[in-house]
Amino acid sequence: MKVYMYIAVMALVTYLIRVIPLTVFHERIENRYLRSFLYYVPYTCLTAMTFPAILYATGNLKSALAGVAAAVVLAFYKKSLVTVAAAACLAVFVTELFL
Amino acid sequence: MKKKEIQQGLRDGIPIALGYFSVSFSFGIMAAGGGLSVFQAALTSLTNMTSAGQFAGLQIIIAGGAFLEMALTQLIINLRYALMSLSLSQKLSRNVTMGQRLVIAFANTDEIFAVAMSHGKELSFSYMAGLQVLPVLGWTLGTACGAAAGNLLPASINNALSVALYGMFIAVVVPAARKAKPVLFAAVLSALLSCLFYYVPAFSGLSAGVSIIICTVAASAAGAVLWPVEEDT
């Protein structure tokens with residue numbers, strides 16, 4: 001039962017964030033620092049969730065590092081999200097074949 | 001509802017839906033690994049429509065964190081959607097009703113927002129509904145399939161697929177960091193803080209959700225103070 005409570009809290013908070021600016025509050029955020037803060041949020045939260053967690057997501061550290069390397073290189077060359085994700089998976093799979 | 005607008009939306013939603021299916025498959029595997037049932041995993045995806053938020057939420061569910069911690073984590077991580085909804089509301093056609101806005105808000109994800117904003121015309125409800133329906137289905141079904149298949153797949157495949165979501169995160173951050181040095185700085189700072197909390201024993205009492213909040217807030221605030229963004233970004 002507790003799991004459903006968690007899901008309800010997540011869904012409610014997320015929906016409110018999306019719906020309030022679309023319905024009640026239409027104005028533009030003027031504060032430059034708040035706008036800047038929000039600009040950086042996607043990048044900092046995604047990075048915090050990825051490191052160091054990705055290093056322990058697979059069977060061992062070496063295959064995880066191969067996955068990181070593949071993802072970073074392809075992302076650097078601006079490949080699509082799905083291509084980068086698939087390459088990371090493939091790198092992990094292949095590395096583990098040889099370990 | 002205009003048929004042509006719906007069709008255009010559906011067409012634009014197909015690539016997003018395919019991408020979502022493959023990435024949420026990986027989320028499904030993780031959720032099942034964390035003890036969620038197939039139904040619970042799929043329900044999470046259907047009601048949240050957010051990769052980063054759900055991923056952080058899953059860590060909190062697994063760790064049995066407090067509801068307040070869950071609410072705060074979602075608020076910080078998903079606050080960026082407020083900005084997107086704000087921009088989106090400027091581009092909606094005047095005759096989109098309040099009820100329709102309540103629907104459109106539900107699946108205003110990073111990718112749907114990006115496609116909607118690059119759409120040449122002002123946005124009708126028909127187009128937005130068409131655009132959102134397939135990605136919602138793809139995200140939910142992918143999660144269900146991943147959660148169902150997770151226990152059946154061999155460990156080698158499971159290990160490989162479990163980096164898919166992280167791979168997608170990297171694919172979002174790296175190009176932005178390459179283009180703008182301040183983003184690189186903020187992202188590296190965030191990763192360093194995250195590693196600090198993970199490896200230094202003094203911080204071992206810090207839960208996953210709280211750690212993500214602190215890293216996100218501290219690194220974003222540092223970026224905002226050192227390099228505030230120019231107008232219109």
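At what angle do α2(A) and helix α11 of chain B pack, and how far apart are their axes? Keep that in mind while I set the scene. What we have on screen is a predicted model, so take everything I say as computed from it.

Let's start with chain A. There are four helices and zero strands in chain A, and along the sequence you simply read α-α-α-α. The shape is worth a look. For 99 residues, a compact globule would have a radius of gyration near 13 Å, but chain A comes in at 19 Å. If you box up the C-alpha atoms along the principal axes, chain A takes roughly 55 × 40 × 20 Å. Even so, 51% of the 99 residues in chain A are buried. And if you take contacts in chain A between residues at least 6 apart in sequence, 41% of them join residues at least 24 apart.

Okay, now the interface. Chain A puts 58 residues into the contact, and chain B puts in 78 residues. On the chain A side, the elements giving two or more residues are α1 (2–23), α2 (32–50), α3 (61–76) and α4 (81–97). The largest share there comes from α2(A), with 18 residues. As for chemistry, that side of chain A splits into 41 nonpolar, eleven polar and six charged residues.

So, back to my opening question. α2(A) and α11(B), which covers residues 181–199, pack at about 35°, and their axes are 8 Å apart. The crossing of these two helices is right-handed. Who is actually touching whom? From α2(A) you have Tyr40(A), Tyr43(A), Thr44(A), Thr47(A) and Ala48(A), and they meet Val183(B), Ala186(B), Ala187(B), Ser190(B), Ala191(B) and Ser194(B) on α11(B). Sorted by class, this contact of α2(A) with α11(B) has seven nonpolar residues, four polar ones and no charged ones.

One more pair, this time inside chain B. Helix α3 of chain B, residues 51–63, packs against helix α12 of chain B, residues 208–226, at an angle of about 145°, with the axes 8 Å apart. On α3(B) the contact residues are Ala56(B), Gln59(B), Ile60(B) and Ala63(B), and on α12(B) they are Ala208(B), Gly209(B) and Ile212(B). That contact has five nonpolar residues, two polar ones and no charged ones.

If you want one thing to look at on the screen, go to α2(A), which gives 18 residues to the side of chain A that touches chain B. That's it from me.

Methods
Residues are numbered from 1 along each chain as its sequence is written. Chains are lettered from A and ligands numbered from 1 in the order in which they are written. This is a predicted model: local features need pLDDT of at least 70, side-chain atom pairs count only at pLDDT 80 or more; totals for chains, interfaces and linings use all residues. Two residues are in contact if their C-beta atoms, placed from the backbone, lie within 7 Å. Ala, Val, Leu, Ile, Met, Phe, Trp, Tyr, Cys and Pro count as nonpolar, Asp, Glu, Lys and Arg as charged, and the others, Gly among them, as polar. The radius of gyration is taken over C-alpha atoms; the globule rule is 2.2 Å times the number of residues to the power 0.38. A residue is buried if 20 or more other C-beta atoms lie within 10 Å of its own, exposed if 12 or fewer, and partly exposed in between; C-beta atoms are placed from the backbone. Axes are lines fitted to C-alpha atoms, for helices over the stretch in contact, and angles run from 0 to 180 degrees between N-to-C directions. A crossing is left-handed if the near helix is turned anticlockwise from the far one by less than a right angle, and right-handed if clockwise.
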